[in-house]
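Here is a short briefing to read alongside a protein model. Look at the structure first, then go through the points.

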Amino acid sequence: MFLNDDFLLTSETARLLFHNHAKTMPIIDYHCHLDPKEIYEDKAFRNLTEAWLAGDHYKWRLMRANGIPESHITGEASDYDKFLAWARTLPKAVGNPLYSWTHLELRRFFGINETLNEASAPAIWEEVNRKLAEPAYTRRSLIRNSKVKTVCTTDDPADSLEYHRLLKESEQDFQVFPTFRPDKALNIDADGFTTWLTRLGEAAGVAVTTYAALVEALRSRVDFFHQNGCRLSDHALDVLRYQAAGEASQLERIFTKRLEGAVLSPEEITVYRTELLSELIGMYHDKNWTMQLHLHAFRNNNTPMFRRLGPDTGYDGINDLSLAEALSQLLDRAECGKGLPKTILYSLNPGDYPALLALMGCYQKDTAGKLQLGSGWWYNDTRDGMRRQLTLLADNSLLGNFVGMLTDSRSFLSYTRHEYFRRVLCELLGELADRGEAPDDLALLGQLVEDIAYNNAAGYFGFEARSAAKLQHR
């Protein structure tokens, strides 16, 4: 039966692992793109389209593939007509994780077991919208009712963190921490770089007119983020190249040249990015932060649509450039200096996994799972993508140290992805046991499941170390 209690659980071992261990564990969502202002203000959604389709380029891509006009995706059509367009698309998405996720969200959040299609859409629209108007369906309520204990947002170094501070002062059953994302500092060639420097300087209380001042401004913001609970950084490194500066003055010349409006050479851009990223890695080490590197997205491929809609609207692909040599140089430089911080490596290209895992093993020390292969990200958070990531991690490192799943989402309804991941994990472990590759030891395997689902992340990131049992009974 579709999405029954045992879906994806293809063995008795898998079923026992999920129902007795995975199902009840809380959630640490250590990487997402939720807006802290939305969390704080805790408003009700005006309708299902706002909660479900606004900003969700996963769904937008499928709707475009179904020939839905852009007016009914990101354009001027009514919210109801956009919802109907998604309902028309969904029956063709069988086999796509969005088919399962959509119906999981309807079931887990709204108690609707009916499949969504054009015929059922009107009644589902009315029922869900009625519930969304209730206090149990505000932003914070959706987080709380999903048993989420920690949320880490993604935040610019110039952000005031006003809403994180307000959230800390308010009473709730979950924590919201910022994550330091300095992409705008590294992208010296981007439009708006100098405008952003002004914002950074205002936030740090310095005039960022030199490279040295930039480094000090970022150091000041790292301190500020740390004081406000931040314990993670994040970087989108779509292309990773490495070239060290020949001399310290070279960085000041590059920085001045950019401030004067000149076009930098590819070599100058690489030198700048290499040196600034290395400075930041040292700062993360000093704070005992975890560094996340998101590698090999290939962004903004459709120029007309990028000009029309901007970034993050469904026009990004997967990069297939070489990676290992530049990444090795970057990691080795850090290790030769202060040392690497805890590091999670994600790649949008699953073909990078073997090289990443082999390289990670060269730098493991002191902390269990200090270097992590990040969960199946974006195009890889499918059943097949999750299994591939878990299988290669088990083949090449210690699966039992994995810090588990995250949503990487802008949606307050995406926490069912944790359930989906946990089912896939239990399915895989059940298969290992049934083939005789793992012992038929439910205590051993159950502890692995609980650790990957929650405990490892709680310890690895330094979040409050309370038992899952206590969290469940608060």
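The points below cover a sheet, a helix that lies across part of this sheet, and the cavities.

The model is predicted. It contains an open sheet of four strands, and the count of cavities of 30 Å³ or more comes to four.

**The sheet**
- The four strands of the open sheet are arranged in the order 4-5-8-9, and their pairing is parallel.
- Strand 4 (232–237) and strand 9 (371–373) each have a single partner strand, so they stand at the edges and one side of each has no neighbour in the sheet.
- On average, neighbouring strands of this sheet are turned by 15° against each other, with direction ignored.

**Strands 4 and 5, and helix 14**
- Strand 4 runs parallel to strand 5 (residues 290–295), and six bridges join the two.
- Ala-236 has His-294 in strand 5 as its bridge partner.
- Helix 14 (residues 266–287) lies across both strand 4 and strand 5, and runs at about 160° to strand 4.

**The largest cavity**
- The volume of the largest cavity is about 50 Å³.
- Its lining includes Asp-56, Lys-59, Trp-101, Glu-105, Ser-411 and Arg-417.
- By residue class, the lining of the largest cavity has two nonpolar, four polar and four charged residues.
- Helix 6 (residues 97–110) gives the most to this lining, with four residues.
- Domain 1 (46–133) and domain 2 (139–472) each supply at least three residues to the lining of the largest cavity.

Methods: Residues are numbered from 1 along each chain as its sequence is written. This is a predicted model: local features need pLDDT of at least 70, side-chain atom pairs count only at pLDDT 80 or more; totals for chains, interfaces and linings use all residues. Side-chain values use heavy atoms; hydrogens and water are left out. Two strands pair if DSSP finds at least two bridges between them. Axes are lines fitted to C-alpha atoms, for helices over the stretch in contact, and angles run from 0 to 180 degrees between N-to-C directions. Contact means heavy atoms within 4.5 Å. On a 1 Å grid over the protein atoms alone, a cavity is a set of points where a 1.4 Å probe fits but cannot get out, and a pocket is an open set with protein on both sides within 12 Å along at least five of seven lines; lining residues have an atom within 4 Å of a point. Grid points are joined across faces, edges and corners, and a volume is the space filled by probe spheres set on the points. Ala, Val, Leu, Ile, Met, Phe, Trp, Tyr, Cys and Pro count as nonpolar, Asp, Glu, Lys and Arg as charged, and the others, Gly among them, as polar. Domain bounds come from an automatic or database domain assignment.
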